[in-house]
Amino acid sequence: MAKYVGAIDQGTTSTRFVVVDEDGSFVAVSQMEHNQILPQPGWVEHDANQIWANTQAVITDALDKAGLGAGDLSGIGITNQRETTVLWNRRSGQPVANAIVWQDTRTADLAKRLSDERGVDWFRDRTGLPPATYFAGPKIRWLLDRDPSIVKLAESGDLAFGTIDSWIAWKLTGRHVTDVTNASRTMLMNIETLEWDEELCNAVGVPMSVLPEIVPSIGEIGPCSGVLEGTTLATILGDQHAALVGQAAFDSGGTKATYGTGAFLVTNTGPHIVHSTAGLLTTVAYQIAGEPAMYALEGSVAVAGSAVQWLRDNLQMISSAPEVQTVAETVPDNGDVYFVPAFSGLFAPHWRADARGVFTGLTRFSNRGHFARAVLEATAYQTRDLVAAMEADTGDRLSELRVDGGMVANSLLMQFMADMLQMDVVLPVNVETTVLGAAFGAGLASGVWSSTDAIASHWSEDVRYRPLITRGESDALYTGWEKALDRSLGWVTD
Ligand SMILES: Nc1ncnc2c1ncn2[C@@H]1O[C@H](COP(=O)(O)OP(=O)(O)OP(=O)(O)O)[C@@H](O)[C@H]1O
Ligand SMILES: [Mg+2]
């Protein structure tokens, strides 16, 4: 009998459910977008109830399309936008506020205070992370500081915190859990012990009673009820960690870059913790139950594809994301126009909450083609910064880059990426590696695949972009980026 697994991909912009067969092929997909709630500049929220409603809807729809029932799935996995913070009432099951999304910068003052009080290295040593608006712990603290009724709920033991994985797992199984990869993005988990750390929780100001139980990423978590009654939750992986698994980067040195809402370069460092001195994050790559955790270095860039959405929705310069390429192709080069998409400040490797977006180098000659090109090129320049940091931290030179995510459909960007990095850029046949990674995890845990090698045999190369300009030409373009980057800094002042 054929074997199937299912995977929920709860992303920043949409929620997907995919049914995958034992060849690693997609049998059915269903997807729904949810609202981006933007109450003021720098704030981004989601409605956790809407996300749960959409999750159930896409599960039901994909199973219908596949002609399968939940009981036909050997197991399911969850992969999710990370850091986005939900607090809910354990009794009523209701969120106590909108979820604060990872891109939200409202905790800038708090992050600065934590850095000043303890020092950045105090946090880096324990968590692998520098204090930043990005992470979940300060978002919990912000909600507690804002609303005494939430503090009261915490004191009575009825308040639960979870990142989105935890929220969905609780809805599906009734267990209040999160996996090590998601927990490694809170600033509350000790990166060595893989447990919540009392000292960290005190420093950030989060009561430990609200925290979920930390479980391995790949391994049986519990039976599902409701729309998935009949199957088992067998994997939870943060989206970038799932993409690493989906790219079959199981060996130390295995690297992938994902281009969706943001851009994320992740290198597997095996069972070793590598502390970054170049502005990268140390994070858990994944953990298979009963085995030691694998670690990774990560370069996170907040804005990549979302800048294309911004061209579409805010500037109305294009009517669809792919159209950005058509517009960019109306000009032969960037015309010396550069764009730094520091909408949420700058993440890796700069970590500058005071930066904001800029277009630079404008002249009377500049036109929309240059704007479109500058927006696309920004993703490649940012990747070059990340690759440089990665090479500095690991001491190894990358030979080629495996890429995935929605933006890799853009051939102009992928060619420019190869040019800027001066290395081959490789697309796999299935570029939906995030959801695929969660499915692989669920299949590994439920016996559909016997080993990571069996999973790796399903990875195959599709397109390869090779550099078409010289290193000198690439460096000359990059110099403009460095100048533009400098212009973006220090915009936000007290
Ligand atoms: N042809 C294209 N050229 C440039 N950007 C594109 C193109 N097609 C899609 N995108 C961008 O890719 C992003 C969608 O990619 P993907 O679906 O991988 O996102 P995602 O990060 O997984 O989303 P989520 O954050 O919801 O998980 C959007 O931001 C969109 O603007
Ligand atoms: Mg995604």
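Here are four short exercises on this structure, each with a worked solution.

This is a predicted model, where local features need pLDDT of at least 70 and side-chain atom pairs count only at pLDDT 80 or more, while totals for chains, interfaces and linings use all residues. Residues are numbered from 1 along each chain as its sequence is written, chains are lettered from A and ligands numbered from 1 in the order in which they are written, and side-chain values use heavy atoms, with hydrogens and water left out.

**Exercise 1.** Work out how helix 13 and helix 16 are oriented to each other.

Start with the elements: helices are DSSP runs of H or I with at least four residues, strands are E runs of at least two, and both are numbered from the N terminus. Helix 13 covers residues 411–421 and helix 16 covers residues 471–488. Next, take the axes, lines fitted to C-alpha atoms over the stretch in contact, with angles from 0 to 180 degrees between N-to-C directions. They're 8 Å apart, at an angle of about 100 degrees. Roughly perpendicular means 65 to 115 degrees, so helix 13 and helix 16 are roughly perpendicular.

Now look for contacts (heavy atoms within 4.5 Å). Phe-416, Asp-419 and Met-420 from helix 13 meet Ser-474, Leu-477 and Tyr-478 from helix 16.

**Exercise 2.** Find out where Trp-310 and Phe-359 lie, and how their rings are arranged.

Rings of Phe, Tyr and Trp (its six-membered ring) pair if their centres lie within 6.5 Å, and planes under 30 degrees apart count as stacked. Try Trp-167 and Trp-170 as a warm-up: they're stacked, 6.4 Å centre to centre with 20 degrees between the planes. Both sit in helix 6, 3 residues apart. Trp-310 and Phe-359 are stacked too, at 6.4 Å and 25 degrees. Trp-310 is in helix 10 and Phe-359 in strand 18, so this pair ties together parts 49 residues apart in sequence.

**Exercise 3.** Identify the rings that Arg-384 and Arg-402 sit over.

The test for Arg is that CZ lies within 6 Å of the ring centre and within 35 degrees of the ring normal. Arg-384 has its charged end over Tyr-478, 4.1 Å from the ring centre. For Arg-402, the ring is that of Trp-459, with 3.5 Å to the centre.

**Exercise 4.** Decide how enclosed helix 4 is.

Count its buried residues (under 20% relative accessible area, 1.4 Å probe, protein chains only). That gives 9 of 11, so helix 4 is largely enclosed by the rest of the structure. Among the buried ones are Lys-139, Arg-141 and Trp-142. Their packing partners include helix 2, helix 5 and strand 8.

Notes:
Angles under 35 degrees count as roughly parallel, over 145 as roughly antiparallel, 65 to 115 as roughly perpendicular and the rest as oblique. Rings of Phe, Tyr and Trp (its six-membered ring) pair if their centres lie within 6.5 Å; planes under 30 degrees apart count as stacked, over 60 as edge-to-face and the rest as tilted. Buried means under 20% relative accessible area, exposed over 50%, partly exposed in between (1.4 Å probe, protein chains only).
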